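User: I'd like to learn how to read a fold from its contacts. Could you walk me through this one, feature by feature?

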Amino acid sequence: MPGAHVSRVRALYRRILLLHRILPPDLKALGDQYVKDEFRRHKTVGSAEAQRFLQEWEAYAAVLWQQANENRQNSTEKACFGTALPEEKLNDFRDEQIGQLQELMQEATKPNRQFSITESRKPKF
């Protein structure tokens, strides 16, 4: 069964990175890096933690997909991504996870992000 698990993890990883393509460039870069770090960090966790990890990321992918569709249908309004984190979930976090969440929030709300991203444009002749 390990082969099926690895396949599921890879498919989810690819799906999330594909979904990130709809995000604004700065959020895409931040999200891609966070996903890569998290998946790498959880490569060697136990079975129970791996299941919870996959469930949470699958829920994230489902919400992002739903929001992308809603934003596409309401193209006249500004795109909106994200969701509130319920307090009961926050209470389940370990101290390390709270620290990561704080760092992510600070990076996402910084006026001058640590990276600069511009969309590539074809040169005009």
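Analyst: Happy to. Keep in mind that this is a predicted model. Let's begin with one residue: Leu104 sits in helix H5, which spans residues 95-109.

User: Is Leu104 buried, exposed or partly exposed, and how do I decide?

Analyst: You look at relative accessible area: under 20% is buried, over 50% is exposed, and partly exposed lies in between. Leu104 has 24% relative accessibility, so it counts as partly exposed.

User: Which residues does Leu104 contact, leaving aside its neighbours within four places in sequence?

Analyst: With those neighbours set aside, Leu104 is in contact with Leu30 and Tyr34. There's a sequence-distant pairing here as well: the C-alpha atoms of Leu104 and Gly31 are 9.4 Å apart, although 73 residues separate them in sequence.

User: How do I go from those contacts to helix packing? What angle do the axes of H2 and H5 make?

Analyst: Take the axis of each helix and ask how they cross. The axes of H2 and H5 come within 11 Å, crossing at roughly 165°. Angles over 145 degrees count as roughly antiparallel, so H2 is roughly antiparallel to H5. The crossing itself is right-handed. On the H2 side, the contact is made by Leu30, Tyr34, Glu38 and Arg41; on the H5 side, by Glu96, Gln100, Leu104, Glu107 and Ala108.

User: How do the residues of the H2 with H5 contact divide by class?

Analyst: Four are nonpolar, one is polar and four are charged. Glu38 deserves a second look. This residue is in helix H2, and it counts as buried because its relative accessibility is 6%. Not counting residues up to four places away in sequence, Glu38 touches Phe53, Trp57 and Gln100.

User: Now the other side of H2. At what angle do H1 and H2 pack?

Analyst: About 165°, with the axes 10 Å apart. That makes H1 roughly antiparallel to H2, and the crossing is right-handed. H1 contributes Val9, Leu12, Tyr13, Ile16 and Leu17, while H2 contributes Asp32, Val35, Lys36 and Phe39. The class split here is seven nonpolar, no polar and two charged.

User: What about H1 and H3? Which way do they run relative to each other, parallel or antiparallel?

Analyst: Same approach. The axes of H1 (residues 2-19) and H3 (residues 47-73) come within 10 Å and cross at roughly 30°. That makes H1 roughly parallel to H3, since angles under 35 degrees count that way. The crossing is left-handed. From H1 the contact takes His5, Arg8, Val9, Leu12, Arg15, Ile16 and Leu19; from H3 it takes Ala50, Gln51, Leu54, Trp57, Glu58, Tyr60, Ala61, Leu64 and Trp65. By class, that contact has 11 nonpolar, two polar and three charged residues.

User: Can you zoom in on Leu54? Which residues is it in contact with, beyond neighbours within four places in sequence?

Analyst: Leu54 is in contact with His5, Arg8, Val9 and Leu12.

User: Which residues make up the largest nonpolar core?

Analyst: A core like this is a set of buried nonpolar residues joined through side-chain atoms. The largest one here has 11 residues: Leu12, Ile16, Leu19, Leu23, Val35, Phe39, Phe53, Leu54, Trp57, Ala61 and Leu64. H1, H2 and H3 each supply at least two of them, and H3 gives the largest share, five residues.

User: H3 keeps coming up. Where do Asn71 and Glu49 fit in?

Analyst: Asn71 lies in H3 and counts as buried, because its relative accessibility is 18%. Outside the residues up to four places away in sequence, Asn71 touches Lys78, Ala79, Cys80 and Phe81. Glu49 is also in H3, but is partly exposed at 32% relative accessible area. Leaving aside neighbours within four places in sequence, Glu49 is in contact with His42 and Arg94.

User: Stepping back, how many helices and strands does the chain have?

Analyst: Five helices and zero strands, giving the pattern α-α-α-α-α along the sequence. Of the 125 residues in the chain, 18% are buried. And among contacts with a separation of 6 or more, 55% come from residues 24 or more positions apart.

Terms used: Residues are numbered from 1 along each chain as its sequence is written. This is a predicted model: local features need pLDDT of at least 70, side-chain atom pairs count only at pLDDT 80 or more; totals for chains, interfaces and linings use all residues. Side-chain values use heavy atoms; hydrogens and water are left out. Axes are lines fitted to C-alpha atoms, for helices over the stretch in contact, and angles run from 0 to 180 degrees between N-to-C directions. Helices (H or I, at least four residues) and strands (E, at least two) are DSSP runs, numbered from the N terminus. Angles under 35 degrees count as roughly parallel, over 145 as roughly antiparallel, 65 to 115 as roughly perpendicular and the rest as oblique. A crossing is left-handed if the near helix is turned anticlockwise from the far one by less than a right angle, and right-handed if clockwise. Contact means heavy atoms within 4.5 Å. Ala, Val, Leu, Ile, Met, Phe, Trp, Tyr, Cys and Pro count as nonpolar, Asp, Glu, Lys and Arg as charged, and the others, Gly among them, as polar. A nonpolar core is a set of buried Ala, Val, Leu, Ile, Met, Phe, Trp, Tyr and Cys residues joined through side-chain atoms within 4.5 Å. Buried means under 20% relative accessible area, exposed over 50%, partly exposed in between (1.4 Å probe, protein chains only).
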